[in-house]
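Welcome! Let's take a look at this structure together, starting with one helix and its surroundings and then stepping back to the whole chain.

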Amino acid sequence: SATDVLVVTDSRHPVQSASDARVIELDLPERIEAELAAGLPADPGRAAALVQQRLRDGGQALQRRIGSAYQGVADAWGLGLAKVPAVVVDRRYVVYGETDVARAVARIESHRRAQP
């Protein structure tokens, strides 16, 4: 049975995630950056100060969120995936285009039983 399930997608390709799957959204870093940049003044100095304030206000939770988002992108890139959504099991098997994670995992499990 699947021990390590990874779902790689983005906000344009929502999936029905299994509760035990790690979900990587490839556009999450960009969305976080957009949140930080929202409503910035035209003056570069004031804009930089406001972003720094937002980063301080977000504290460690925001830092973890940013770090996790970029780590996810690096992890997905390291797998060499061709498109999204992708459901990866045990870093070895992948199903592309399936939005139902449980169904993708079932397809992989069926293949593993047929091809031991």
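The buried residues of H1 are covered by, among others, strand E2 (22-25) and H2, where helices (H or I, at least four residues) and strands (E, at least two) are DSSP runs numbered from the N terminus. This is a predicted model, in which local features need pLDDT of at least 70, side-chain atom pairs count only at pLDDT 80 or more, and totals for chains, interfaces and linings use all residues. Residues are numbered from 1 along each chain as its sequence is written, and side-chain values use heavy atoms, with hydrogens and water left out.

Which residues of H1 are buried? They are Leu-28, Pro-29, Ile-32 and Leu-36, with buried meaning under 20% relative accessible area (1.4 Å probe, protein chains only). Down the axis of H1, these buried residues fall within an arc of 105°, so they line one face of the helix; the arc is that of the directions from the helix axis to the C-beta atoms. After H1 comes Gly-39, with a positive phi near 65°.

Here is how H1 and H2 meet, with axes as lines fitted to C-alpha atoms over the stretch in contact, angles running from 0 to 180 degrees between N-to-C directions, and contact meaning heavy atoms within 4.5 Å.

| Feature | H1 and H2 |
|---|---|
| Residues | H1: 28-37; H2: 44-79 |
| Axes come within | 9 Å |
| Crossing angle | roughly 170° |

That makes H1 roughly antiparallel to H2 (an angle over 145 degrees).

Stepping back, the chain has three helices and four strands, in the order β-β-α-α-β-β-α from the N terminus.

Methods:
Angles under 35 degrees count as roughly parallel, over 145 as roughly antiparallel, 65 to 115 as roughly perpendicular and the rest as oblique. Buried means under 20% relative accessible area, exposed over 50%, partly exposed in between (1.4 Å probe, protein chains only).
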